[in-house]
Amino acid sequence: MPSNEPKLTVVGAGLVGSLLSLYLARRGHTVEVLERRPDMRRETLDAGRSINLAISTRGLHALRQVGLEEEALKHAIPMRGRVIHPVKGELAYQPYGKDDSQHINSLSRGWLNQFLMTQAEATGRVSIRFRQRVTQADVSAGTLTVLDETTGETREVRDTVVFGTDGSGSAVRQALQPQATQEPLGHGYKELTIPPGPGGSFQMEKHALHIWPRGAFMLIALPNEDGSFTCTLFLPWKGPLSFASLETPAALEAFFQEQFPDAKALIPGLVEEFFARPTGHMVTVKCAPWRVGGRTLLLGDAAHAMVPFYGQGMNCGFEDCVVLDALLAKQQDWEAAFQTFEALRKTNADAIADMAVENFIEMRDSTGDPRFLLEKGVEKVLLNAFPGEFVSRYSLVSFSRVPYRLAYEVGVIAGGIVAELSQGLKRPEDVDLDAAAKLIRGRLTPFMKEH
Ligand code: FAD
């Protein structure tokens with residue numbers, strides 16, 4: 001345990017802050033968590049961001065380290081591939097991995113957050129204080145100004161090590177004043193519900209992530225435990241087909257009828273939900289530094305918010321907890337641990353943030369494109385024909401824990417090989433495996449060996 005330990009304060013009891021406080025407690029520290037919202041276990045809150053999310057290998061590994069994976073998986077629905085919904089015609093299925101064992105999991109955000117808070121408190125070393133908004137921070141001194149939103153009183157927490165896990169709009173980050181770029185996406189999002197069918201049945205394939213790719217915009221749906229699906233519409237803010245253009249129920253219904261007729265038939269509350277629910281913003285935050293000495297450290301979205309199209313924001317934040325914990329196990333002081341943490345994580349967070357933006361284009365656009373479908377098919381053939389030798393970017397990001405930066409670089413090489421082998425091909429199964437072996441062993445294997 002670091003020897004010079006003052007108080008530890010985690011700002012934000014979201015997904016990452018709750019898990020981090022648990023990790024710190026298991027290392028023997030006493031932790032106070034300050035959360036601006038009320039306790040969601042006692043009060044029903046506005047769902048806020050996404051009702052469910054996808055957890056994959058990195059996030060599950062982080063839960064496993066603290067003995068929580070098994071319970072989480074009991075509430076998760078495996079999603080083994082994507083089901084693509086064209087405007088007209090047949091649905092297409094694209095498996096995510098080489099076989100069904102490689103899948104991602106749909107999990108309720110609210111359930112997971114509550115579960116993590118309860119588990120953190122159960123250590124006896126974590127106290128979460130709700131309706132406590134950090135309004136200012138002196139990050140070098142370790143002083144936080146906190147507004148108690150129940151009493152309206154302001155107080156100071158002094159001489160503390162601060163972990164800023166207060167999300168993409170982080171107050172701690174603002175106080176740190178790092179060099180920050182914030183790239184808002186030109187799209188917003190809106191959540192809609194496909195209710196369960198009779199007897200809690202699923203009205204579409206349960207074990208899949210559903211996508212309606214439409215070029216400049218798209219709809220997706222993830223399954224929930226109760227048989228419902230949460231749909232998310234990603235649409236430009238402005239322009240001819242945009243949130244700005246859907247101002248009336250008639251315009252909304254006509255848009256859905258034209259673009260997503262099968263989904264429209266399954267969303268009875270379309271108009272009501274669309275106009276009642278907030279439209280969410282998405283942003284990429286890249287900033288540095290993430291820390292001040294051994295006093296303050298940013299983790300999770302506060303350090304590296306990303307757009308949600310790789311389903312990795314939380315997974316990456318959970319991986320932050322694993323990496324920091326491993327460093328604390330070895331290093332005797334906070335400053336050294338924080339420094340190494342930033343050196344290890346920053347490049348990887350930047351890589352996944354970039355891949356998330358690229359995946360938006362793939363999801364909304366290319367998943368409906370025959371060439372893309374062919375290349376995905378070839379990728380699957382190669383994954384099975386060259387196990388351990390051929391790896392795709394998606395599989396490295398979602399089904400392994402290799403650094404995101406490496407996944408990014410491998411993706412460039414693997415993508416090039418697939419594109420080359422797909423030239424002039426009609427069916428994925430006709431791919432020339434001899435040529436594939438040469439390309440993989442000539443380009444990918446040496447790169448993997450080097451790293
Ligand atoms: P947050 O979840 O934002 O939590 C921050 C906490 O800090 C909140 O509880 C907040 O109330 C509190 N807080 C904020 N300011 C203060 C303050 N001043 N004082 C005190 N408390 C404060 N990720 C995935 O891995 N898989 C997915 O499938 C996925 N899907 C997504 C879909 C959408 C539409 C969006 C928007 C995101 C998605 N993400 C996904 C990303 C994921 O939601 C985030 O990466 C994750 O929530 C980050 O957790 P966090 O704890 O860092 O931040």
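## Around the ligand

In this predicted model, the ligand is surrounded by 35 residues, of which Gly 12, Gly 14, Gly 167, Gly 300 and Gly 313 come nearest; a residue counts as near if its C-beta atom, placed from the backbone, lies within 6 Å. By class, this shell holds 14 nonpolar, 14 polar and seven charged residues. Here Ala, Val, Leu, Ile, Met, Phe, Trp, Tyr, Cys and Pro count as nonpolar, Asp, Glu, Lys and Arg as charged, and the others, Gly among them, as polar.

At least two shell residues come from each of H1, strand S3 (52-55), strand S9 (132-138), helix H9 (301-304) and helix H10 (313-330). H10 gives the most, with four residues. Helices (H or I, at least four residues) and strands (E, at least two) are DSSP runs, numbered from the N terminus.

## H1 against H4

H1 (residues 15-26) also packs with H4 (residues 109-122), at an angle of about 25° and with axes 9 Å apart. The two helices are therefore roughly parallel, a label for angles under 35 degrees. Contacts, meaning C-beta atoms placed from the backbone within 7 Å, join Leu 15, Ser 18, Leu 19, Ser 21, Leu 22 and Ala 25 in H1 to Leu 112, Asn 113, Leu 116, Met 117, Gln 119 and Ala 120 in H4. Eight of these residues are nonpolar, four are polar and none is charged.

## Confidence and conventions

Mean pLDDT (the predictor's confidence in each residue, from 0 to 100) is 93 for the protein, with 97% of residues at 70 or more. The model scores ipTM 0.99 and pTM 0.94.

Residues are numbered from 1 along each chain as its sequence is written. Local features need pLDDT of at least 70 and side-chain atom pairs count only at 80 or more, while totals for chains, interfaces and linings use all residues.

Key. Axes are lines fitted to C-alpha atoms, for helices over the stretch in contact, and angles run from 0 to 180 degrees between N-to-C directions. Angles under 35 degrees count as roughly parallel, over 145 as roughly antiparallel, 65 to 115 as roughly perpendicular and the rest as oblique. Two residues are in contact if their C-beta atoms, placed from the backbone, lie within 7 Å.
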